[in-house]
Amino acid sequence: MKKNTLFFGLLFCLCGLTTNTEAFSVTHDFSVGIGPFDASRTRFSYLLEPSAFQVKSAVKTHGLFDALYPFKADYETSGRIRGDDLETRNYNYRSQTRFNHRTKELVYDNNGILLYRLSSKNDRKKKVPIARDDKNAGTTDFQTVFAELAKQYNNVGFCDARLPVFDGKRRFDVIFKDEGKEILEPLPQSPFAGEAAKCSMYIDKLNTEDDDMLMQISAERPIYFWIMKQEGKAFIARIRIDDTPLGALEAYATQITVKE
């Protein structure tokens, strides 16, 4: 389960597809299964204001999976909204596995340019300046991608998009595609059922080599997710990855709380 930051980050990043012109927040609770395991619990909180946004999320492994592969993490992203663009200003990450504690902070200037990355592993700190590079212009962090997709989906009702990401180390594109409509049947894991928009997600590594689990999986096969609405706000009802090293991954929304 090495280098699984992006892999687990996906589980709550995909939950935040909501947008509006007024300030509001949405909290998502998810249950995640991987192969035979009831693997994790995720809570995702999303605040959107007319000129600013904030994302807070937490994930923790569960049950037997927690005993085998203990992992917990907290992520926070915030920034400005300018027209159709969401510009990251702060990004913080903390995680704990059985043997390692990691942190990462991305530091931006007032124009949204990434200046440097602060990271640590087991309290050994490292500061990495980010060289100016035209290929990173207009990029954002992985969490903010889904807020950008949210604005598009609520405005025009489709997923198709190609969004550039730079996390201070890796430059890649996230590609979303519409896959039509499907009827979700009610399940014991989730109360949400009915017509949903099915979308797929791929990651284009842009010819870079990377052994992150999610990067490898989604470069070769799609990650599917189903979008529904509650109180006029779109949200992810289910997520599925057909094949991981431990079997299929399925995530189910167990509760959605909307506050205006």
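Strands here are DSSP runs of E with at least two residues, numbered from the N terminus. With that in hand, welcome to this predicted model. This briefing visits a pocket, a hairpin and a single threonine.

**The second largest pocket**
- The second largest pocket holds about 510 Å³ of space.
- Its lining is made up of 25 residues, and those closest to the centre of the pocket are G112, N136, A137, G138 and T139.
- Two elements, strand 5 (85–97) and strand 9 (161–166), each supply two or more residues to this lining.
- Strand 5 contributes the most to the lining of the second largest pocket, giving five residues.
- Sorted by class, the lining of this pocket counts 10 nonpolar, eight charged and seven polar residues.

**The hairpin of strands 7 and 8**
- Strand 7 (residues 114–121) and strand 8 (residues 124–129) run antiparallel and are joined by six bridges.
- One pairing to look for is S120, whose bridge partner in strand 8 is K125.
- Together, strand 7 and strand 8 make a hairpin, with two residues between them.
- In the turn of this hairpin, N122 has a positive phi of about 50 degrees.

**A look at T27**
- You will find T27 in strand 1, which spans residues 24–34.
- Leaving aside residues up to four places away in sequence, T27 touches R43, F44, S45, Q255, I256 and T257.
- With S45, the link is also a polar contact between the two side chains, at 3.5 Å.

Conventions. Residues are numbered from 1 along each chain as its sequence is written. This is a predicted model: local features need pLDDT of at least 70, side-chain atom pairs count only at pLDDT 80 or more; totals for chains, interfaces and linings use all residues. Side-chain values use heavy atoms; hydrogens and water are left out. Helices (H or I, at least four residues) and strands (E, at least two) are DSSP runs, numbered from the N terminus. A polar contact is a pair of N or O atoms within 3.5 Å; within protein, one must be able to donate a hydrogen and the other to accept it, and residues adjacent in sequence count only if both atoms are side-chain atoms. Contact means heavy atoms within 4.5 Å. On a 1 Å grid over the protein atoms alone, a cavity is a set of points where a 1.4 Å probe fits but cannot get out, and a pocket is an open set with protein on both sides within 12 Å along at least five of seven lines; lining residues have an atom within 4 Å of a point. Grid points are joined across faces, edges and corners, and a volume is the space filled by probe spheres set on the points. Ala, Val, Leu, Ile, Met, Phe, Trp, Tyr, Cys and Pro count as nonpolar, Asp, Glu, Lys and Arg as charged, and the others, Gly among them, as polar. Two strands pair if DSSP finds at least two bridges between them.
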